[in-house]
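Dear colleague,

Please find below the structure I promised to hand over, with my notes following it. I would be glad if you read the notes with the coordinates open beside them.

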Amino acid sequence: MQGNRLYEGQKLALKYFTVAIVLFGAQLLFGLFAAIQFLYPDFLFGILDFSINRMLHINALVVWLLYAMIGAVYWLLPDEAGVEVVGVKLGEIAFYILTAAVAVVVLVYLFIQVGPGEESTIWFITEGREYIEAPRWADIGIVAVVLVFLYNVYATVMKGRHTGILVVLMADLIALAGLYLAGMFYTDNISVDQFWWWWVVHLWVEATWEVYVAAVGGYILIKTLNANRKVVEMWLWIEVAMMFGSGILGLGHHYFWIGTPEYWWEIGALFSALEPVPLVGLFVHVLYDWGKETGKGNTIKNVPAFAWLTVETFGNFLGAGVWGFMHTLPQINLYTHGTQWPAAHGHLAFYGAYVAIMISAIYIAVQGKAGLKELKMTKAGWWAISLITVGVLLMTVALTISAYVQTMVERGMYGATWEGYFVAQANTWFVQGIGWRLVTGLMVLVGYGFLVYDLLTCDKKQPAEVYEASKEAAAAA
Amino acid sequence: MDKKPSVWTSNRFWRRSATWVTGVSAVLLILLTFDTMAQMKMGTEEDIKNKIDRRIPSPVVINYKIDYQLNRRRGHEVPIIGGMDANGKSKYEEKEKFFGRDDWSEEEARALIHKGKLTIQAKNCMDCHTLLGNGAYYAPDLTKAWLDPTWDTLAPAYNGKEYAIKEFLKNPPAMAMHERKMPNLGITDEEAKAVVAYLKFMSAIDTNGFPRNFGKIKGAVDARK
């Protein structure tokens with residue numbers, strides 16, 4: 001960071017972050033509607049049905065994380081490579097095209113909602129496949145935008161420094177983009193459909209996104225703690241080995257019950273059971289660096305970013321690792337598959353693994369934009385991180401209780417029939433869990449309010465010594 | 001002279017390990033994918049005539065009676081198409097009328113499930129229901145919906161459960177079974193019929209015993225009997 005001067009790529013990053021935070025709000029809003037409908041099914045019935053709220057809830061999540069991920073790369077790319085982003089103008093055009101496309105897709109979701117059972121619906125309204133519902137025209141647009149992004153990353157790194165973080169990102173991003181293609185076709189065979197659909201969903205969130213997080217986490221450690229780059233990069237390679245070593249074949253845990261051969265039971269069980277291992281590694285590494293650097297008397301350069309990174313490591317381990325492992329073995333998954341179990345796991349895993357680190361990266365950008373040498377935690381910042389984290393944790397616990405009830409009653413006692421489904425849904429303990437989910441969801445929404453406020457104002461609310469130190473540093477430079 | 005640094009702290013060693021581990025995993029996944037794709041190819045009418053079990057059978061299974069029974073050798077339930085022989089295998093013999101016919105040709109049946117699958121995607125079924133256990137958790141799983149005892153109770157009033165399901169899909173609030181109603185998604189008669197065909201076809205997919213104990217209410221009574 002050189003005073004207040006930002007690279008053009010970093011200015012572009014700020015635009016991506018802005019849209020990301022807006023979409024994060026949309027995610028929470030539609031999630032709230034869906035949570036209310038679980039308790040009061042007549043709420044918005046026939047206007048915004050559960051399916052639409054739920055689709056917007058998860059699509060907004062995926063899209064805002066992708067925006068934040070692209071933003072974080074544009075932020076760190078010139079900083080790491082030591083040169084301006086090549087093709088930044090092109091990147092800007094791509095940003096506006098992508099944002100316009102997202103707006104059109106959302107409007108169609110909201111006002112057209114569903115189409116007739118024809119190919120044209122798949123092309124223009126919705127593909128109707130969880131997480132990647134975006135119609136085919138938007139898929140093609142996304143691919144074009146991603147190609148621009150990849151070109152910018154590759155061309156910039158070629159011109160500048162080839163740091164380990166950048167090399168990992170280059171390899172990872174190409175895999176991440178390529179995997180999207182696996183979701184862009186139609187077949188009447190639902191088993192084949194879901195097989196490739198998981199290539200996108202799983203190999204994103206349990207492989208390439210995790211490696212992305214490890215790389216960006218490494219950058220944040222260097223920025224916030226001045227961590228030793230050689231150590232950070234060594235850990236990064238170990239993480240890559242463990243994440244891809246477990247995550248790629250861990251894909252098998254989605255192939256237990258969709259018409260796939262039985263050998264996926266063993267493969268999925270073994271490799272997905274190993275998936276928590278790198279997450280422990282990530283967590284140990286962050287705590288180790290924290291202790292080492294503060295032990296030397298060094299201060300944390302960006303307290304909110306570091307706090308969110310810490311939440312990331314705990315949340316990733318707990319949500320993705322522990323909650324994932326709890327129902328990943330086929331013997332257990334036979335009963336938990338398709339219940340609130342994956343909902344409980346999904347909420348904490350997405351939050352812990354991805355949401356927290358993207359917020360951390362955004363705080364790094366806030367500090368950079370203000371040109372401050374240090375960034376301390378403000379009161380609003382504390383409220384934000386506490387309300388959101390505790391909210392999501394309690395939500396996960398609430399959903400887990402509901403999940404237990406559903407598994408026992410619907411699956412164990414009633415053998416998964418419709419009657420069993422509704423008997424379980426009406427069970428008092430189930431309903432209580434769903435009720436607490438709504439309460440904790442409101443907590444997260446309030447926390448989001450604090451977060452937006454803090455992101456906009458925290459650079460102006462720092463203690464006096466922060467500004468003095470920054471001035472001195474600027475003068476010395 | 002400096003002590004030689006340990007290989008365990010060498011970036012080069014870990015970079016190479018990461019590359020190898022990723023490469024080997026990816027190659028294994030690709031090889032397994034080839035095998036899985038071959039095993040999941042949709043069956044044909046020929047297979048049914050020759051009594052060959054397919055994980056994903058030909059859509060002409062809509063002409064047959066479908067059941068879901070425990071297979072002792074495999075240790076879980078499997079779809080039974082057209083009656084069960086003494087070894088617990090499908091006989092592909094007992095037919096069952098589907099919308100008045102049990103002679104849907106391969107071509108007709110394929111066209112029907114094509115329309116059904118498109119409708120299932122176009123109406124976003126997966127954002128309330130689960131199919132093969134994947135989707136949202138706001139409404140019941142549809143994997144074996146065709147075999148659900150609910151439809152057997154409604155079947156007589158509609159002259160067969162396929163008609164009951166079709167009428168339900170065309171205007172779900174009118175036949176609401178629960179406070180949590182399914183909305184009217186503008187499903188046409190043709191689309192509803194196709195969706196019912198898809199549900200029947202899907203119930204014949206071999207899902208390795210998912211869902212377990214389907215239809216066995218409270219563990220003791222088989223509701224489908």
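Is Tyr131(A) buried, partly exposed or exposed? Please keep in mind throughout that this is a predicted model. Tyr131(A) is partly exposed, because 17 other C-beta atoms lie within 10 Å, and a residue would need 20 or more to count as buried. Tyr131(A) sits in the loop between α4 (119-124) and α5 of chain A, and its phi is near 75°, a positive value in a residue other than glycine.

The helix that follows this loop, α5 (residues 136-159) of chain A, has 24 residues, which at 1.5 Å a residue should span 34 Å, and the 35 Å between its end C-alpha atoms agrees with that. Its buried residues include Ala138(A), Gly141(A), Phe149(A) and Asn152(A), and the buried residues of α5(A) pack against α2, α3 (88-111) and α6 (164-180) of chain A.

Helix α2 (residues 50-81) of chain A also matters for the largest nonpolar core, which has 222 residues, since α2 gives the most to this core, with 23 residues. Tyr16(A), Ala20(A), Ala68(A), Met358(A) and Ala361(A) are the residues with the most contacts inside the core. Leaving aside neighbours within four places in sequence, Tyr16(A) is in contact with Tyr67(A), Ala68(A), Ile70(A), Gly71(A), Tyr74(A) and Phe95(A). Apart from the largest core lies another, of five residues, among them Val405(A), Trp418(A), Tyr421(A) and Ala424(A).

Turning to the contact between the chains, 65 residues come from chain A and 72 residues from chain B. On the side of chain B that touches chain A, the elements that each supply at least two residues include α3 (106-122), α4 (149-158) and α6 (189-203), while α1(B) gives the most, with 13 residues. By residue type, that side of chain B divides into 33 nonpolar, 23 polar and 16 charged residues. For the complex, the predictor gives an ipTM of 0.95 and a pTM of 0.95.

One residue that you may wish to look at in this contact is Trp257(A), which is found in the loop between α8 (229-250) and α9 (263-274) of chain A. Trp257(A) counts as buried because it has 27 C-beta neighbours inside 10 Å. Not counting residues up to four places away in sequence, Trp257(A) touches His337(A) as well as Leu132(B), Gly133(B), Thr207(B), Asn208(B) and Phe210(B). The C-alpha atom of Trp257(A) is separated by 9.1 Å from that of Pro330(A), although the two are 73 residues apart along the chain.

Two of these partners in chain B have backbone features of their own. Asn208(B), in the loop between α6 and β5 of chain B, has a positive phi of about 55° although it is not a glycine, and with 21 C-beta neighbours inside 10 Å it counts as buried. Phe210(B) is joined to Pro211(B) by a cis peptide bond, with omega about -5°, and Pro211(B) lies in the loop between α6 and β5 of chain B. As a point of comparison, most residues other than glycine have a negative phi, and most peptide bonds are trans.

Chain B is divided into domain 1 (7-39) and domain 2 (45-222), whose C-alpha centres lie 39 Å apart. The mean pLDDT of chain B is 93, and 95% of its residues reach 70 or more. Over residues 218-225 of chain B, however, the pLDDT is below 50, and this stretch has 12 contacts in the model beyond near neighbours in sequence. Where pLDDT is low, the predicted coordinates should not be read in detail.

With best wishes

Note on methods
Residues numbered from 1 in each chain as written. Chains lettered and ligands numbered in written order. Predicted model: local features only at pLDDT ≥ 70, side-chain atom pairs only at ≥ 80, totals over all residues. Contact = placed C-beta atoms within 7 Å. Helix = DSSP H or I, 4+ residues; strand = E, 2+ residues; numbered from the N terminus. Nonpolar A, V, L, I, M, F, W, Y, C, P; charged D, E, K, R; others polar. Domains from an automatic or database assignment. Core = buried A, V, L, I, M, F, W, Y, C linked by C-beta atoms within 7 Å. Buried ≥ 20, exposed ≤ 12 C-beta atoms within 10 Å, placed from the backbone. Expected span 1.5 Å × (residues − 1). pLDDT = per-residue confidence, 0-100.
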